[in-house]
Amino acid sequence: MNALLPAPERTLTSIPTALPRTDSVLGQAADENFPVALRFLPGAVRGHLMAVYGFARLADDIGDEAEGDRLELLDWLAAELDRAYLGVATHPILARLTPTIRQFDLPADPFRRLIEANRQDQVVRRYQTFDDLIGYCRLSAAPVGELVLRIFEVSSPDRIALSDDVCSGLQIVEHIQDVAEDIAADRVYLPQRDLSALGCTEAELHAPRTSPALRAVLRYEAGRARRLLSSVVPLARQLPFQPRIAVCGFAAGGLAALDAIEAAGYEVLARRCRPRSRCVALHLGRAALAASSGRVG
């Protein structure tokens, strides 16, 4: 079993009442851009993927929406993660995670990084450069991809690096979709340097409709996201059938969301740009075919 990191000094031992209900946390899987656990996968595998998703979503819900002291709640989550590794977690989502941790000998570090991303969200409201944003994505999204590879028992340093790209691309897609929601919470994930270079002021993020300057920024970031998502092909090429289709499904959701954003003319303030299931299936097929044929792109 992997060694645990030290528990935080400040912890709550009982389940905080400020936490969202378990069913509402897990129910959000249907609203993600990508299929969290494709139906063709064996039920046991889908259950393990949902266990990881539940933890990641709970951490995000605490960091984004919980009432009260979010840092204290995240400390509770870190301590509850320790209890999950010991098999004595009290929260249903963490108790559900214990068998997955044990079966695949999952390290604690990816889970810790997901918590750290949400701690960072409480104090960091702006990112100056794209590299700064990627650093955040390495905390907020990349750990999930690593855990997925470990559940399929196909992880390696090279594969995790490619997965990090895919997950960062998915995170950037969400930042593009959620500009209005983020600015309402006084968060801006579009790099400040890019906003400045393309003549977009922060006031334009508050507008009811997307300005030409903001559209230019979004188009630029969307191009970056597509390039990151293209890492799915060299990644999938190295994987057996089931994990290959799973990772292609993740990337396909992000690509389909980008298609929806582009089709809307990058109008993300006045409407919610969601991927169409048919488009997700099309991108999944294309990525899987490219991986099978040995062709990149």
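Let's start with Asp-61, which sits in helix α2 of this predicted model. Is Asp-61 buried or exposed? With a relative accessible area of 5%, Asp-61 is buried, because the cut-off for that word is under 20%. Which residues are in contact with Asp-61, once we leave aside its neighbours within four places in sequence? The partners are Pro-20, Val-25, Gln-28 and Ala-66. Please find Pro-20 on your screens, since that pair links two separate parts of the sequence: Asp-61 and Pro-20 are 41 residues apart along the chain, yet their C-alpha atoms are 7.5 Å apart in space.

Staying with helix α2, let's look at how it meets α3. The two axes come within 8 Å and cross at roughly 160°, which means α2 runs roughly antiparallel to α3. The crossing of α2 and α3 is right-handed. If you want to colour the contact, pick Phe-55, Leu-58, Ala-59, Ile-62, Gly-63, Asp-64 and Glu-65 on the α2 side, and Arg-70, Leu-73, Leu-74, Leu-77 and Leu-81 on the α3 side. By class, the contact of α2 with α3 has eight nonpolar residues, one polar and three charged.

Now to a residue of α3 itself. Glu-80 lies in this helix, which covers residues 70–86. Glu-80 has a relative accessibility of 0%, so it counts as buried. And what does Glu-80 touch, not counting residues up to four places away in sequence? Ala-89, Thr-90, His-91 and Leu-94.

Next, please scroll along to helix α7, residues 142–151. How many of the 10 residues of α7 are buried? Eight are, so the helix is largely enclosed by the rest of the structure. The buried ones are Ala-142, Pro-143, Gly-145, Glu-146, Leu-147, Val-148, Leu-149 and Ile-151. They pack against several other helices, namely α2, α4, α5, α6, α8 and α13. So our opening helix comes back here, because α2 is one of the elements packed against the buried residues of this largely enclosed helix. Just after α7, have a look at the backbone of Glu-153, which takes a positive phi of about 60°.

Let's zoom in on one of those partners, α8. The axes of α7 and α8 come within 8 Å and cross at roughly 135°. That makes α7 oblique to α8, because roughly antiparallel would need an angle over 145 degrees. The crossing of α7 and α8 is right-handed. From α7 we have Ala-142, Gly-145, Glu-146, Leu-149 and Arg-150, and they meet Arg-159, Ile-160, Ser-163, Asp-164 and Cys-167 in α8. Sorted by class, the contact of α7 with α8 has four nonpolar, two polar and four charged residues.

My last stop is Gln-177, in helix α8, which spans residues 157–177. Gln-177 is buried, with a relative accessible area of 5%. Where does a polar atom of its side chain find a partner? Look at Cys-273: the backbone oxygen of that residue lies 2.8 Å from a polar atom of the Gln-177 side chain. Setting aside residues up to four places away in sequence, Gln-177 touches Asn-33, Ala-257, Ile-261, Val-268, Arg-272, Cys-273, Arg-274 and Pro-275.

That's my tour, and thanks for following along!

Note on methods: Residues numbered from 1 in each chain as written. Predicted model: local features only at pLDDT ≥ 70, side-chain atom pairs only at ≥ 80, totals over all residues. Heavy atoms only, no water. Helix = DSSP H or I, 4+ residues; strand = E, 2+ residues; numbered from the N terminus. Buried < 20%, exposed > 50% of the residue type's maximum accessible area, 1.4 Å probe, protein only. Polar contact = N/O pair within 3.5 Å; in protein donor to acceptor, adjacent residues only side chain to side chain. Contact = heavy atoms within 4.5 Å. Axes fitted to C-alpha atoms, helices over the stretch in contact; angles between N-to-C directions. Parallel < 35°, antiparallel > 145°, perpendicular 65-115°, else oblique. Left-handed = near helix turned anticlockwise from the far one by under 90°. Nonpolar A, V, L, I, M, F, W, Y, C, P; charged D, E, K, R; others polar.
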